[in-house]
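Let's take a walk through this fold together, starting with the whole chain and then zooming in on a few spots. Keep the viewer open as you read.

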Amino acid sequence: MSSLASLPSVDTILNHPNFAGYKRLLLKKRAQEILSAIRSARPVVVPSLREILAQIEHAYHSMPCTVVPLINATGILIHTNLGRSPISRAIYDRAAELICGYNNVEFELQSGKRGERYVGVARCLREILGCEDCLVVNNNAAALFLILNTFAKEREVIVSRGELIEIGGGFRIPEVMANSGAKLHEVGTTNKTKFADYRNAISAQTAMILKVHRSNYAIEGFTQSVELPELIALARDSQLLDCYDLGGGLLRRAFGAKQKELANLRLEPALDEILPLNPSLVCFSGDKLLGSVQAGIILGKSSLIAQLKANQLLRMLRVDKITLILLEHCLQAYLDEDYGSIPLLAMLQTSLEELHERAQSLKAQIPNGFDAQVCPTTAYIGGGTLPQKGIMSIGIALSHDKLDCESLKDILRTHRIITRIHDSCVLLDMRTLFVHDFEHVSEALKEIAQCNA
């Protein structure tokens with residue numbers, strides 16, 4: 001008799017007393033996987049029943065959620081791979097009361113009829129920025145796509161060649177435009193686009209002048225571009241629409257006196273400086289410099305927003321109650337001028353003195369075996385904003401005489417601590433490390449030290 005014939009059946013495993021109370025559907029899948037692996041192995045080795053049951057039990061309990069919490073010690077504040085902007089626990093808890101039950105996200109309490117799902121967000125944005133109306137879709141690429149499809153399908157959109165950017169994941173402005181049905185009319189050169197280039201490109205086929213903020217790369221040296229006020233005026237005089245794909249979503253007023261310390265932020269266009277120019281449409285991301293959830297936010301004239309809402313594509317691009325409620329609560333913090341409750345803004349505005357104190361506090365918790373030096377460093381906003389423009393920060397340069405920096409970085413990652421290497425050391429940047437992370441970091445380093453004593 002073949003040794004494989006001694007394998008227990010799936011039914012035998014499902015009914016084994018070891019698995020009393022287990023979820024049968026999941027248990028069956030794990031049992032089938034283990035038995036299949038044993039049958040296909042060469043040479044054939046059939047474990048004992050006890051070993052088979054142990055393998056199935058281990059597999060059953062080794063299916064955690066894919067997304068796990070991480071500690072960001074990289075100094076990159078809007079880290080695309082780590083979920084971009086963190087959300088305030090206080091804001092989340094307030095929003096959770098609405099998210100976890102029924103709510104009036106699309107119900108008008110006074111009339112008892114179906115309501116408008118964007119009312120809350122629009123209320124906040126009108127108060128903060130003075131815009132006429134807004135619309136929220138699932139990301140900024142979707143926002144631009146919807147704008148182009150609504151107002152420029154089978155017509156031309158004028159864009160500077162130097163603004164035909166590629167964003168993360170290989171998505172490119174020309175492809176987004178082509179898929180929307182709009183026709184690209186690029187003007188100027190990579191490094192220089194002049195007012196006359198836009199003016200001379202206008203024809204009976206033109207629907208829109210589009211300006212795209214080059215948020216994820218920089219052109220320096222022999223350059224020229226046309227400022228937004230000039231394009232708005234040209235579009236208005238030519239009876240065209242103008243649209244600014246802003247990307248980041250910065251509100252300058254949120255930084256107050258701290259703007260002197262964050263001089264590089266002056267390079268980033270701000271919503272509270274753009275909206276007074278009365279553009280036709282502006283779109284930007286919710287989870288970048290706004291510091292909120294992933295969303296594409298469109299601001300503009302009420303008549304234009306109404307046309308966007310009437311586009312059948314909106315049904316495929318709209319956001320759910322979770323996004324809308326969290327976004328509204330984040331915007332309410334802006335409205336209340338409670339900027340410290342937005343984690344991204346708090347991280348940006350933390351003084352070097354406070355970061356130095358935090359570094360000294362964490363250094364005192366680092367065990368023997370490590371060389372830890374508090375040092376000045378440079379943090380980065382990230383998320384495709386302010387390329388190559390850093391922010392002064394404080395870090396801890398960490399090294400171990402038995403581990404090279406790549407090995408130490410890899411081991412820390414197994415402890416869910418994400419770092420970067422700088423000057424042949426693993427760097428823990430205080431700008432993105434939360435104080436409540438310190439205990440986890442300290443315990444991880446103690447374990448590493450013991451394993452490499």
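Among contacts in the chain between residues at least 6 apart in sequence, what percentage join residues at least 24 apart? The figure is 74%, where a contact means heavy atoms within 4.5 Å. Before going further, a word on the ground rules: this is a predicted model, so local features need pLDDT of at least 70 and side-chain atom pairs count only at pLDDT 80 or more, while totals for chains, interfaces and linings use all residues. Residues are numbered from 1 along each chain as its sequence is written, and side-chain values use heavy atoms, with hydrogens and water left out.

Now for the overall picture. You'll find 17 helices and 16 strands in the chain; these are DSSP runs numbered from the N terminus, with helices (H or I) needing at least four residues and strands (E) at least two. Along the principal axes, the C-alpha atoms fill a box of roughly 85 × 55 × 50 Å. Of the 453 residues, 48% are buried, and here buried means under 20% relative accessible area, exposed means over 50%, and partly exposed is in between (1.4 Å probe, protein chains only). The accessible surface comes to about 22,700 Å², with 51% of that belonging to carbon and sulfur atoms; areas come from the Shrake-Rupley method with a 1.4 Å probe, and for residues only the protein chains shown count as cover. As for charge, the chain has 48 positive and 49 negative ones, and their mean positions are 5 Å apart. Lys and Arg count as positive and Asp and Glu as negative, with His and the chain ends not counted; each charge is placed at NZ of Lys, CZ of Arg, CG of Asp or CD of Glu.

Next, zoom in on strand E10. All five of its five residues are buried. Leu281, Cys283 and Ser285 are covered on one side, and Val282 and Phe284 on the other. What about its partners? Strand E9 (residues 241-247) runs parallel to E10 and is joined to it by four bridges, with Tyr244 bridging to Val282. Strand E11 (residues 296-300) runs antiparallel to E10, with five bridges between them, and there Leu281 has Gly300 as its bridge partner. For the record, two strands pair if DSSP finds at least two bridges between them.

Stay on E10 for a moment and click on Ser285, which belongs to this strand (residues 281-285). Its relative accessible area is 6%, so Ser285 counts as buried. Set aside the neighbours within four places in sequence, and Ser285 is in contact with Asn140, Gly247, Gly248, Leu290 and Ala295.

Another buried spot is Leu262, in the loop between E9 and helix H10 (271-274). With a relative accessible area of 7%, Leu262 is buried too. Not counting residues up to four places away in sequence, Leu262 touches Phe255, Leu348 and Ile391. Measure from C-alpha to C-alpha in your viewer and you should get 8.6 Å between Leu262 and Met392, which are 130 residues apart in sequence.

Now for some rings. A pair of aromatic rings is described by the distance of the centres and the angle of the planes. A search of the whole structure turns up three aromatic pairs; rings of Phe, Tyr and Trp (its six-membered ring) pair if their centres lie within 6.5 Å, and planes under 30 degrees apart count as stacked, over 60 as edge-to-face and the rest as tilted. Phe19 and Tyr22 make an edge-to-face pair, 5.1 Å centre to centre with 75° between the planes. The rings of Tyr22 and Tyr60 have centres 4.6 Å apart and planes at 50°, so this pair is tilted. Tyr22 sits in the loop between helix H1 (10-14) and helix H2 (24-40) and Tyr60 in helix H3 (residues 49-60), so the pair ties together parts 38 residues apart in sequence. Phe19, Tyr22 and Tyr60 form one aromatic cluster.

Finally, some backbone oddities. Most residues other than glycine have a negative phi, and most peptide bonds are trans. Arg42 and Pro43, however, are joined by a cis peptide bond, with omega about 0°; Pro43 lies in the loop between H2 and H3. Glu337 has a positive phi, near 55°, and is exposed, with a relative accessible area of 59%.
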